[in-house]
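Dear colleague,

I am passing on the structure we spoke about, with its sequence, and my notes follow below. Please read them with the coordinates open.

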Amino acid sequence: MFFIFGVFKRVYAAFISPPHPPNVEDKDASPPLKIGLLGAAAISPHALVLPAKSHPEVELYAVAARDISRAENFAKKHGFKKWYGGKDGYQDLLDDPAVDMVYNPLPNGLHYEWTMKALAAGKHVLLEKPSGNTAEETRRMFSLADQKGLVLLEAFHYRFHPAIQRVRAIIDNGELGAIKEVNAALTLPKGMAGNDDDIRMKYDLGGGAMMDCGCYPLSCVRYLASSNPTAVMSATAVRYPRDPRIDTGTTANLTFASSKPDEEPVRSTIRCDFAVPPRWGFIPHWPEISVHAVCERGSIDVFNFVMPVIYHSITVRPDGDVPRTERAYTFEGGKGEEWWSTYRYQLEAFVDKVKGRTPQTWVSPEDSIANMEWIEKIYEESGLGSRPQSTYVLPTA
């Protein structure tokens, strides 16, 4: 009963009715950053709107959509003060001098163009993952951000939560010895995502399972291995019948260099799928969101590394000792509440960075570029090839 109550309490606070900003009356709080939202995407309420409502240093200011009525409805529903629409709606939002930062959850194929335009307009950008269609796009975006002195963050929100950081700490502290194998998966039952009219099934918009849910397990194994892969040993893709350039699922076998000289490489398998068929034709599979790490003297299994605020478990199995299960919802002695979602922790770090404070953790430009490079390498090995690079050219004048 206590377990069920805890789940309900966290879900209600994080995703349904978050508390009012805890420090909004604090006289020492700095002026809030005004947020501009590009597109009225379905992810935005959970990824930005609700986290913003419990942060005293941000303000939901403006939203833009191609359809101005949709922008108006979204703004009124979620508490934005202004809205823009029509063919120039996105640019009108970027031209608004009051907007300090932009959240870009547009389709993957539009990330590059509108992030470059936002940076050119002098806005900090929180960019949905994957950062672009190619690593070259990602390099250019971070290069422009650096030139402009602006903050650009790829929104790998799970990295900001205590849960995955606790897993990394267990691996790094040497309790179980050097890592030998690390695997991760994010799979969804057929019908939950990837329908025929879904933008994730559009090649020109950067669609595909490896781009969408596959970027998470790839990022996770790289994070826990504390390095980039050395090779893609194999990669297989399940092709979408209506467009064989799109994968509905991909499995890749990678290797990482061992931390000890003359030892076998660290092995890794990542799996992603948003169309797992039902058992016996009618019983849907439960989503798999897991990590399994094998070390010299034991192993770690993680359940739900992507959305741990709902519920997660970290099961540590030391060789010759009793297994234990840990959970981490807050940082010891640090910022955070048990109900804070990964998105709320991420927003905290983003605001800290913009305000000139040191965030608890960060996803570096090099990290984002590398993740996109290895997505491309996996696609190359699977025979599908990279998603099409944007043709947008930022004006030089």
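**Cores**

Ile300 touches Val167, Ile170, Ile171, Leu176, Val291, His292, Ala293, Ile314 and Thr315, when residues up to four places away in sequence are not counted. Please keep in mind throughout that this is a predicted model. Ile300 is also among the residues with the most contacts inside the largest nonpolar core, which has 89 residues, and it shares that position with Leu224, Phe305 and Ile378. The element that gives the most to this core is helix α9 (residues 215–225), with eight residues. A second core of 25 residues is separate from it, and includes Leu38, Leu94, Ala118 and Leu144. As general background, nonpolar side chains in soluble globular proteins tend to be buried together.

**The parallel sheet and the annotated domain**

An unreviewed UniProt entry carries the annotation "domain: Gfo/Idh/MocA-like oxidoreductase N-terminal" for residues 34–153. In the model, that span is 46% helix and 22% strand, and the C-alpha atoms at its two ends lie 17 Å apart.

Six strands make up an open sheet with parallel pairing, in the order β3-β2-β1-β4-β5-β6. Because β3 (82–85) and β6 (152–154) stand at the edges with a single partner strand each, one side of each is left without a neighbour in the sheet. From one strand to the next, the twist averages 20 degrees. Within the sheet, strand β4 (residues 101–104) and strand β5 (residues 124–127) run parallel and are joined by four bridges, with Met101 standing opposite His124 in β5.

Helix α10 (residues 342–354) packs on this sheet, where it touches β1 (33–38), β2 (58–65), β4, β5 and β6, and its direction makes about 160 degrees with that of β5. Helix α10 also meets helix α2 (residues 44–53): the two axes come within 9 Å and cross at roughly 65 degrees, and the crossing is right-handed. The contacts between these helices bring His46, Ala47, Pro51 and Ala52 of α2 against Tyr343, Arg344 and Leu347 of α10.

**Phe160**

Which loop holds Phe160? Phe160 lies in the one between β6 and α7 (162–172). Is Phe160 buried or exposed? Its relative accessibility is 2%, and Phe160 therefore counts as buried, the cut-off being under 20%. Leaving aside residues up to four places away in sequence, Phe160 touches Leu153, Gln165, Phe331, Thr342, Tyr345, Gln346, Ala349, Gln360, Thr361, Trp362 and Val363. The C-alpha atom of Phe160 is separated by 22 Å from that of Asp146, the two residues being 14 residues apart along the chain.

**The antiparallel strands**

Strand β9 (residues 243–256) is mostly covered, with 10 of its 14 residues buried, and antiparallel pairing links β9 to two strands described here. With strand β8 (residues 231–240), β9 pairs over nine bridges in the antiparallel sense, and the two form a hairpin with two residues between them; Ser234 stands opposite Asn253 in β9. With strand β10 (residues 266–276), β9 again pairs in the antiparallel sense, over eight bridges, and Arg267 in β10 is the bridge partner of Thr255.

With best wishes

Technical notes:
Residues are numbered from 1 along each chain as its sequence is written. This is a predicted model: local features need pLDDT of at least 70, side-chain atom pairs count only at pLDDT 80 or more; totals for chains, interfaces and linings use all residues. Side-chain values use heavy atoms; hydrogens and water are left out. A nonpolar core is a set of buried Ala, Val, Leu, Ile, Met, Phe, Trp, Tyr and Cys residues joined through side-chain atoms within 4.5 Å. Buried means under 20% relative accessible area, exposed over 50%, partly exposed in between (1.4 Å probe, protein chains only). Contact means heavy atoms within 4.5 Å. UniProt positions are given in the numbering used here, feature names are shortened, and annotations may be inferred rather than shown by experiment. Two strands pair if DSSP finds at least two bridges between them. Axes are lines fitted to C-alpha atoms, for helices over the stretch in contact, and angles run from 0 to 180 degrees between N-to-C directions. A crossing is left-handed if the near helix is turned anticlockwise from the far one by less than a right angle, and right-handed if clockwise.
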